[in-house]
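Hi,

Here is the structure we talked about handing over. Please open it alongside this note. My findings follow below.

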Amino acid sequence: HIGSFEAHEVITEDGYILGLFRIPRINPKGVILLQHPVTVDSKIWLSEYKNSTAFIFWRAGYDVWLGNNRGTLYSKKHVNLTHTDPEFWDYSFHEMGVYDHHASIQYIKQHVNTSRIIFLGHSMATTSSLIYAAMRSEDAANSLKVIVNMAPVSYMKYLKTPATIFNKLIEWNSILSHNAWYLKLGRLLFQNIPVKKWLIYIISFFCGWTPEQYDPQFINLMVAQFGSEVSWKVYYHYAQIFNSGGKFQMYDYAKNRNLKLYGTESPPLYPINKIKTPIYLFYSAQDIISQPEDVEFLYDKLPKEAKIYGKVKFEGFNHIDYHYSKNRIKEVYDKILKFLHNI
């Protein structure tokens, strides 16, 4: 029985006000921060009723915190800006790593009076966590026991998914506001048979062909929760990395602005070699967004102290099966809990 639930706010160094949720534990075996992927928010960890990921970790004895990236439904405030200001949306996963994770992790540490916590992220949260661990290496090493990265996305040398068709995007500030008319229409359609059956195949087309993994009982909740606003700059940044030919690099503002910001005409590479925090990589052979070859390329780039726990490659999951597969507890979370217990 989960007895309580807390809502917190934390202010980043650049003025964003982030929502943090907590499912507290008395005398926990550890403190864990769950960080969501792109296009959703922290509700993704509560999307399977009593078997939701957040509850799995809570029942295993952890004090569970749920992060929300800037711009998403619970993090749409700023000390000086409103979410209707174009300046509000001038960020990518770079700022999430450098500012959001730092602020959230320091807040949690101080609130629960602990020295180091566990970070678990999926997809874009793995991108931002690598940036945090590289750009603020001492801070991350002193604050985190381990970063558990599920379906990590960084280098995109081998990416072939249809999701890469975003090289030229509309000049909007953001996309996927939870209450947007097109998402409301999509929910109306996809929560009704026979259209509901198509959703599994649409997702598999973009994320990896594993239609047998889906548990039909979660489709309505998945559709109802989908859609949390995100800056277009996030997608531009991923497109730049994809087009770079195997570089994990900072945002490319073009030569003149790059010179002012970075001192070089080309954007710098993220200093992966400076990471001191252990990184535990968890990835699937059937995931066409987090390509196994790209994950292995990342692993080879990590310094020795960052890969003391190694990596786990398994079979049968696409990119979002970590949240909605009927086998996700056995294939992923039981293994992660065993790993955390062993360390």
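The model is predicted, and the chain averages a pLDDT of 87. Of its residues, 80% score at least 70. The stretch to treat separately is 163–171, where the pLDDT is below 50. Beyond near neighbours in sequence, that stretch has 15 contacts in the model.

**Overall**

The chain has 343 residues, and 60% of them count as buried. It holds 12 helices and 11 strands. Take the contacts between residues at least 6 apart in sequence: 76% of these join residues at least 24 apart. The accessible surface comes to about 15000 Å². Carbon and sulfur atoms account for 55% of that surface.

**Serine 42**

Start in the loop between strand E3 (30–35) and helix H1 (53–59), where serine 42 sits. Is serine 42 buried or exposed? Serine 42 is buried, because its relative accessible area is 1%, and the cut-off for buried is under 20%. Its side chain makes a polar contact of 3.0 Å with the side chain of asparagine 68. Asn68 is also on the contact list of serine 42, once neighbours within four places in sequence are set aside. The others on that list are Phe21, His36, Leu66, Gly67 and Tyr74.

**Two positive phi values**

Most residues other than glycine have a negative phi. Two residues here deserve a look on that score.

Threonine 39 lies in the loop between E3 and H1. Its phi is near 75 degrees, a positive value in a residue other than glycine. Threonine 39 counts as buried, because its relative accessibility is 16%.

Asparagine 27 is in the loop between strand E2 (16–23) and E3. It is not a glycine, yet its phi is positive, at about 50 degrees. Asparagine 27 is exposed, with a relative accessible area of 73%.

**Helices H2 and H4**

Isoleucine 108 belongs to helix H2 (residues 93–112). At 0% relative accessibility, isoleucine 108 counts as buried. Which residues does isoleucine 108 contact, leaving aside its neighbours within four places in sequence? They are Leu20, Val31, Leu33, Trp65, Asn113 and Ile117. Leu20 falls within strand E2 (16–23), and Val31 and Leu33 fall within strand E3 (30–35). Serine 143 is 35 residues from isoleucine 108 along the chain, with 10.0 Å between their C-alpha atoms.

Asparagine 142 is in helix H4 (residues 137–143). Not counting residues up to four places away in sequence, asparagine 142 touches Lys109, Ser115 and Arg116. For arginine 116, the C-alpha to C-alpha distance from asparagine 142 is 6.7 Å, across 26 residues of sequence.

**Threonine 126 and the largest cavity**

Threonine 126 lies in helix H3 (residues 124–135). Threonine 126 is buried, with a relative accessible area of 0%. A polar atom of its side chain lies 2.9 Å from the backbone nitrogen of valine 153. Outside the residues up to four places away in sequence, threonine 126 touches Gly121, Asn149, Met150, Ala151, Pro152 and Val153.

Pro152 and Val153 also appear in the lining of the largest cavity. Where else does that lining come from? Ser154, Tyr155 and Met156 are part of it, and so are Ile289, Ser290, Gln291, Asp294, Val295 and Leu298. The space in this cavity is about 40 Å³. The structure holds two cavities of 30 Å³ or more.

**Leucine 302**

Leucine 302 is in the loop between helix H10 (292–301) and strand E11 (311–314). Leucine 302 is buried, because its relative accessible area is 4%. Leaving aside its neighbours within four places in sequence, leucine 302 is in contact with Ile272, Ile275, Ile279, Leu281 and Lys307. Lysine 276 is 26 residues from leucine 302 along the chain, and their C-alpha atoms are separated by 9.2 Å.

**Where to look**

For a quick pass, begin with the side-chain pair of serine 42 and asparagine 68. Then go to threonine 126 and the backbone nitrogen of valine 153. Finish at the positive phi of asparagine 27 and of threonine 39.

Best wishes

Conventions
Residues are numbered from 1 along each chain as its sequence is written. Side-chain values use heavy atoms; hydrogens and water are left out. Helices (H or I, at least four residues) and strands (E, at least two) are DSSP runs, numbered from the N terminus. Buried means under 20% relative accessible area, exposed over 50%, partly exposed in between (1.4 Å probe, protein chains only). A polar contact is a pair of N or O atoms within 3.5 Å; within protein, one must be able to donate a hydrogen and the other to accept it, and residues adjacent in sequence count only if both atoms are side-chain atoms. Contact means heavy atoms within 4.5 Å. pLDDT is the predictor's confidence in each residue, from 0 to 100. Accessible areas come from the Shrake-Rupley method with a 1.4 Å probe; for residues, only the protein chains shown count as cover. On a 1 Å grid over the protein atoms alone, a cavity is a set of points where a 1.4 Å probe fits but cannot get out, and a pocket is an open set with protein on both sides within 12 Å along at least five of seven lines; lining residues have an atom within 4 Å of a point. Grid points are joined across faces, edges and corners, and a volume is the space filled by probe spheres set on the points.
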